[in-house]
Amino acid sequence: MTVSNRLNHFQTGIFADLTQKRNQLRAQGRETIDLFVGTPDFPTPEHIVRAVSEAASDPANFKYSLLDRPDLLQAVVSYYARRYGVSITPDEVCSVNGSQDGIGHLGLALCNPGDVVLLPDPGYPVFEAGAFLGGAEVYYYQLLAKNAFLPDMTAIPEEVLRRVKYMVVSYPSNPCGAAAPRSMYESLIGYARKYGFWLVNDNAYSDIIFDGREGFSFLSIPGAKEVGVEFFSLSKSFNTTGARISFCIGSQTVVNALKVIRSQYDFGMFTPIQMGAIAALTGPQESISAQRAEYQRRRDALCGGFRAAGWNVPDSQGTMFVWAPIPPQFSNSMAFWNALVDHTGILCTPGPAFGPAGEGYVRFALVRPAEQLAAAARLIGSSGLLEHGSDRA
Ligand SMILES: Cc1ncc(COP(=O)(O)O)c(C=O)c1O
């Protein structure tokens with residue numbers, strides 16, 4: 001008896017492996033500093049928790065919800081107008097149980113055999129999962145430091161572009177920490193029109209962006225709605241990762257296709273969670289800018305601390321991550337990752353976990369207070385790793 005060949009595309013998550021490694025180290029009495037998973041350590045705003053718990057105390061809310069509440073859709077419409085200056089209608093919105101769910105099932109909604117999906121390398125793993133589940137072929141476009149971690153469309157062969165069904169982009173970028181200019185989206189919309197593919201923007205970090213940059217919605221770019229959708233997650237802006245709240249917004253064709261697929265395996269977002277989402281979108285927003293400032297302090301503490309210790313790591317422009325080129329005396333990410341754990345107990349994520357172009361990098365998550373991140377950077381400096389540590393002969 002066998003299982004599906006499709007499983008050959010998938011491995012157990014890197015974060016499960018890293019957690020196991022962390023547990024082993026702790027069992028040996030080693031102290032670790034966990035900077036590998038991007039789970040925010042900030043509290044969920046009180047008014048969101050209250051809205052969920054009040055709704056959860058009403059037994060009527062435990063029925064299948066089946067549909068998005070009209071006031072939830074309206075809350076998204078108003079939020080997009082206020083926050084992003086984007087005009088949408090309720091039928092251009094559908095809830096998903098996290099962008100992970102939406103993007104993970106998008107290939108089922110959009111792809112036929114022989115279709116190609118264009119994905120970033122390095123990139124967030126669910127992009128690939130969605131394409132493979134949809135039976136598509138994947139073509140990876142590389143995000144390289146020399147291109148400011150933006151796609152170079154001229155590097156993609158014409159015959160590939162003609163077969164593309166959809167392309168995923170995501171800025172500020174996890175793992176690269178790069179922000180994108182509006183002009184990048186304008187150019188990609190031109191490509192999408194020319195070659196007839198959908199553009200999918202994963203907008204998880206528009207509120208975590210630094211040095212005065214403005215986070216924006218892809219749908220604010222003229223023509224975007226005709227060629228694509230955006231996944232708008234509340235997870236990081238409102239610290240609701242476990243509540244699984246996100247929306248697919250934009251082209252009605254894509255939104256409707258995703259609704260059809262979702263209706264086959266999902267009976268709607270739990271009503272108390274819908275109420276929490278309404279509270280998040282319509283309630284006080286001050287925590288978002290306070291949190292952005294705190295993430296920037298953390299970025300400064302870690303990247304500045306690395307540079308003070310002699311490790312030349314550029315500042316992230318956004319996201320809760322730092323994408324660090326490994327010190328030159330190490331030959332690959334895993335060698336550095338192992339040496340870092342041995343010398344300091346600091347656990348980050350090896351770059352190749354996000355794709356082959358992640359080789360030569362490691363990713364740190366800004367999930368500890370600035371003082372602790374500064375101390376972690378000093379620990380790396382004082383450990384001798386940067387002067388003497390090397391896997392080269
Ligand atoms: C780029 C990116 N997309 C999507 C997600 C997942 O978002 P959600 O919690 O809405 O599933 C994450 C979470 O870390 C992410 O980094």
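How many bridges join strand β3 (residues 116-121) to β5, and do the two strands run parallel or antiparallel? In this predicted model, three bridges join them, and the strands run parallel.

**View 1. Strand β5 and its two partners, β3 and β6.** On one pairing, that of β3 with β5, valine 117 has tyrosine 166 of β5 as its bridge partner. Strand β5 also pairs with strand β6 (residues 198-203), again in the parallel sense, and here the pairing extends over four bridges. Within this second pairing, methionine 167 has leucine 199 of β6 as its bridge partner. Five of the six residues of β5 (residues 164-169) are buried, and the strand is therefore largely enclosed by the rest of the structure. As background to this view, strands of a sheet pair through backbone hydrogen bonds, and they do so either parallel or antiparallel.

**View 2. An open sheet of three strands, with helix α12 packed on it.** The strands follow the order β9-β12-β11, and their pairing is antiparallel. The edges of the sheet are formed by β9 (321-325) and β11 (349-350), each of which pairs on one side only. Strand β11 is joined to β12 (residues 361-365) by two bridges, and proline 350 stands opposite valine 362 in β12. Helix α12 packs on this sheet, where it touches β11 and β12, and the direction of α12 makes an angle of about 45° with that of β12.

**View 3. The buried and exposed sides of helix α13.** Helix α13 (residues 370-382) has 13 residues and reaches 18 Å from its first C-alpha to its last, which is close to the 18 Å expected at 1.5 Å a residue. The buried residues of this helix are Ala370, Leu373, Ala374, Ala376, Ala377, Ile380 and Gly381. They cover an arc of only 155° around the axis, and so they lie on the same side of α13. An α-helix has 3.6 residues a turn, so residues three or four places apart point the same way. On the other side of α13, Glu371, Arg378 and Ser382 are exposed. The cover over the buried residues includes α11 (286-308), α12 (333-344) and β10 (346-347). After α13 comes glycine 384, whose phi is positive, near 85°.

**View 4. A salt bridge between helix α1 and strand β1.** The side chains of arginine 22 and aspartate 34 meet in a salt bridge, with a distance of 2.5 Å from N to O. Because arginine 22 lies in helix α1 (residues 14-27) and aspartate 34 in strand β1 (residues 33-34), the pair ties together parts that are 12 residues apart in sequence. Both arginine 22 and aspartate 34 are buried. The count of salt bridges in the model comes to 19.

**View 5. Two further salt bridges, and a network that includes one of these pairs.** Arginine 299 forms a salt bridge with aspartate 300, the closest N and O atoms being 2.9 Å apart. Arginine 299 is buried, with a relative accessible area of 1%, whereas aspartate 300 is partly exposed, at 36%. Through salt bridges that share partners, Asp211, Arg213, Arg299, Asp300, Arg307 and Asp315 are joined into one network. In the other pair, the side chains of aspartate 71 and arginine 69 meet at 2.9 Å, N to O. Aspartate 71 has a relative accessible area of 34% and is partly exposed, and arginine 69, at 29%, also counts as partly exposed.

How values were computed
Residues are numbered from 1 along each chain as its sequence is written. This is a predicted model: local features need pLDDT of at least 70, side-chain atom pairs count only at pLDDT 80 or more; totals for chains, interfaces and linings use all residues. Side-chain values use heavy atoms; hydrogens and water are left out. A salt bridge is a side-chain nitrogen of Lys or Arg within 4 Å of a carboxyl oxygen of Asp or Glu. Buried means under 20% relative accessible area, exposed over 50%, partly exposed in between (1.4 Å probe, protein chains only). The expected span of a helix is 1.5 Å times one less than its number of residues. The arc is that of the directions from the helix axis to the C-beta atoms. Contact means heavy atoms within 4.5 Å. Two strands pair if DSSP finds at least two bridges between them. Axes are lines fitted to C-alpha atoms, for helices over the stretch in contact, and angles run from 0 to 180 degrees between N-to-C directions.
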